[in-house]
Amino acid sequence: MHFKDYITQLPAYKPAKLIAQYGTDIVKLSSNENACGPSPAALTALQAGLEQIHRYPDSSASALRTALASRVDLPPEMVLCSNGSDELVSLLCLAFLQEGDEVVMAEGTFISYLLRTLMMGGRPVRVPLRNYTHDLVAMLAAITPRTRLVFVCNPNNPTGTTNGADEMHEFLGQIPQSVLVVVDEAYIEFATRPDYPDLLPELRAGRSNLMLLRTFAKIYGLAGLRLGYAYAHPTLTSYLDRVRPTFNVNALAQIAGIAALSDVDHVARSRAHANDSRRFFERELTALGLHPIPGETNFVAVDVGDDLAVTEALYQRGFTVTPLTGWGIPGCIRVSFGTTEQNTCFIVALAAVLAH
Ligand SMILES: Cc1ncc(COP(=O)(O)O)c(C=O)c1O
């Protein structure tokens, strides 16, 4: 057998410890899940949908794509659905990269961009964050004739920071037509700044080298069903359509997605809870003498000194968080917002850990 070197050298995925492994007393604040739970409307729709799971799903997810398209005034051909938005990152790398091709991304961003680039034998070009935020000027300067993709995560995971409309449009205005810009908007629904960039007009105007990634895993609370989607020019969606698995979006995910989209109460509740939690964490972490990174998501990142030791000590006290040393941001931990009670208990635990 001939194994590909660049695949054997990939780090194996290290799964977050499963809840079952933790025991019931462990509070999981490590995967940016929705503390408000799944959309109740989705749960109701799923009950009815269960009766039909002996059938294959609609391979083109047409009803879901139509729903996603109409809410942003795009045609359904400009929507592509996926088995989580993570699958779109894989499909993009599969469809665009040859060995040695370059992919520009931040150092200190969602790890899939790096892993999927390496999976294809691509060359990651990692541009340091500036003030924990994507440095779009430096990312532009990092583009070479070998660059095929640029990933921009806005808001950024794991720092929660955002890039505003002016700098984003300035950046997009200078991207060569030969380079595809992928803006990952997994946390867009939590963004609060008034000048958060709306990139849909670029797509409506026919821009073909831009793709927006979104997910049902965060504000819609459907992480376990695996459902993501992209908005992009029809040339791009039909190109990726050729490489995706035929039934990549399962039947229950399609049903739940459509229901969750119209569950405006759940979305509003989830957003309000994230906003309240953010204010709570900012206040309480500051009171502990820490400096939380100002973010606009359903999690917070903060420098705690020795992130690996603090993560382990928090685990001993019943909380899982994400240490960011492995993400290129040593010293920081990322804490997903839990319920109000979990958040309060977490701060007590962190205070005790830091006091030791
Ligand atoms: C920035 C970002 N993009 C994509 C994803 C993947 O989302 P999904 O669950 O839809 O695969 C995540 C998940 O945490 C994320 O943080």
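The two exercises below, each with a worked solution, concern a strand and a helix pair in a predicted model.

**Exercise 1.** Determine which strands pair with strand S8, in which direction they run, and how the residues of S8 are placed.

*Solution.* Begin with the extent of the strand: S8 covers residues 228–232, and 5 of its 5 residues are buried, so that the strand is mostly covered. Next, consider the two faces, bearing in mind that side chains in a regular strand alternate between the two faces of the sheet. Gly-228, Ala-230 and Ala-232 point one way from S8, while Tyr-229 and Tyr-231 point the other way, and all of them are buried. Then turn to the neighbours: strand S2 (residues 79–82) is joined to S8 by 4 bridges and runs antiparallel to it, with Cys-81 having Tyr-229 as its bridge partner in S8. Strand S7 (residues 210–215) is likewise antiparallel to S8 and is joined to it by 5 bridges, and here Leu-213 stands opposite Ala-230.

**Exercise 2.** Classify the packing of helix H4 against helix H11 by angle and by handedness, and identify the residues that make the contact.

*Solution.* Start from the axes of H4 (residues 62–70) and H11 (residues 251–261), which come within 9 Å and cross at roughly 25°. Because angles under 35 degrees count as roughly parallel, H4 is roughly parallel to H11. The crossing of the two helices is left-handed. The contact is made by Ala-63, Leu-64 and Ala-67 from H4, together with Gln-254, Gly-257, Ile-258 and Leu-261 from H11. Sorted by class, the contact of H4 with H11 has 5 nonpolar and 2 polar residues, and no charged ones.

Notes
Residues numbered from 1 in each chain as written. Predicted model: local features only at pLDDT ≥ 70, side-chain atom pairs only at ≥ 80, totals over all residues. Buried ≥ 20, exposed ≤ 12 C-beta atoms within 10 Å, placed from the backbone. Pairing = 2+ DSSP bridges. Axes fitted to C-alpha atoms, helices over the stretch in contact; angles between N-to-C directions. Parallel < 35°, antiparallel > 145°, perpendicular 65-115°, else oblique. Left-handed = near helix turned anticlockwise from the far one by under 90°. Contact = placed C-beta atoms within 7 Å. Nonpolar A, V, L, I, M, F, W, Y, C, P; charged D, E, K, R; others polar.
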